[in-house]
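Visitor: I have a model open on my screen. Please show me how to read it, one feature at a time.

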Amino acid sequence: MAIYRILVIMKLKAPLIIILLFTCICTSYAQDYKKNIEKRFDEFYNLIARNNIEQAVEYIPDSFFTVIPKAQMIVALKSVMNNKELDYKILDYKILEIKDAKLIDKNYYAVLTYTSNIAMKFRQVDSLETTEKKKQRLGLLKLSLANTFGTDNVKLDEATNFFMITARKKSCGVSADGLNGWKFVNIESRQRLLLDKVLPKEIVETL
């Protein structure tokens with residue numbers, strides 16, 4: 001009887017054990033691919049911050065370059081980073097959330113939300129003749145930036161005339177196997193037409 005009871009208990013617990021094992025495997029997989037996303041995004045972000053544009057574009061999906069050629073993208077990014085009218089510095093960042101990956105057609109997609117800290121100085125301000133004119137121009141620039149990034153996310157360092165900006169952004173990771181080789185499409189609200197061409201409808205509609 002004792003042996004029979006043990007066998008019954010084992011049979012009852014078997015499904016539970018399977019469920020627990022499956023849960024552990026799924027949890028481990030989620031942690032692994034999200035860690036890989038974090039690592040790849042860190043590499044991507046820091047390449048751009050260091051102005052290593054040619055290397056950074058290797059972290060952008062090939063599908064993106066069917067819309068905008070890679071060479072054209074390199075020129076566009078360099079023009080932003082090397083704008084003669086701006087001192088522009090990309091500082092640190094913080095990932096706030098990585099949503100669960102979705103398999104759509106042949107690729108996996110995972111949207112991440114992050115904040116990026118930026119330092120920006122408009123060189124034209126230094127050429128203004130009077131302190132009053134500089135103050136007025138900086139005030140207008142601050143209002144414009146606050147309208148884009150939010151009042152609480154824009155600070156002016158009056159000693160250096162640098163604007164310190166915290167921008168809340170999103171990027172969509174793309175991977176063929178859902179684990180490795182993640183590449184990224186940075187999401188800008190003004191680029192909806194472009195996003196429609198490079199990301200699945202199911203992803204764009206959630207942005």
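Guide: We go from the whole chain to single residues. This is a predicted model, where local features need pLDDT of at least 70 and side-chain atom pairs count only at pLDDT 80 or more, while totals for chains, interfaces and linings use all residues. Residues are numbered from 1 along each chain as its sequence is written, and side-chain values use heavy atoms, with hydrogens and water left out.

Visitor: How many helices and strands does the chain have?
Guide: Helices (H or I, at least four residues) and strands (E, at least two) are DSSP runs, numbered from the N terminus. This chain has six of each. Their order from the N terminus is α-α-α-β-β-β-α-β-β-β-α-α.

Visitor: What share of the residues count as buried?
Guide: Buried means under 20% relative accessible area, exposed over 50%, and partly exposed in between (1.4 Å probe, protein chains only). Here 31% of the 207 residues are buried.

Visitor: How do I read an aromatic pair?
Guide: Use the distance of the centres and the angle of the planes. Rings of Phe, Tyr and Trp (its six-membered ring) pair if their centres lie within 6.5 Å; planes under 30 degrees apart are stacked, over 60 edge-to-face, the rest tilted. The whole structure holds 12 such pairs. Take phenylalanine 41 and tyrosine 45: the centres are 6.2 Å apart and the planes at 45°, so this pair is tilted. Both residues sit in helix 1 (residues 2-49), four residues apart, about one turn of the helix. Both are buried. They belong to an aromatic cluster with Phe44, Tyr59, Tyr93, Tyr114 and Phe184.

Visitor: Where is serine 175, and what does it touch?
Guide: Serine 175 is in strand 5 (residues 162-175). Its relative accessible area is 1%, so serine 175 is buried. Contact means heavy atoms within 4.5 Å. Beyond its neighbours within four places in sequence, serine 175 contacts Asn107, Tyr108, Asn180 and Trp182. A polar atom of its side chain lies 2.7 Å from the backbone oxygen of asparagine 180.

Visitor: Which loop holds aspartate 105, and which holds asparagine 161?
Guide: Aspartate 105 lies between strand 2 (102-104) and strand 3 (107-122). Asparagine 161 lies between strand 4 (154-157) and strand 5. Aspartate 105 has a positive phi, near 60°, and is not a glycine. Asparagine 161, also not a glycine, has a positive phi of about 65°.

Visitor: Are these two buried or exposed?
Guide: Aspartate 105 is exposed because its relative accessibility is 72%. Asparagine 161, at 16%, counts as buried.

Notes: A polar contact is a pair of N or O atoms within 3.5 Å; within protein, one must be able to donate a hydrogen and the other to accept it, and residues adjacent in sequence count only if both atoms are side-chain atoms.
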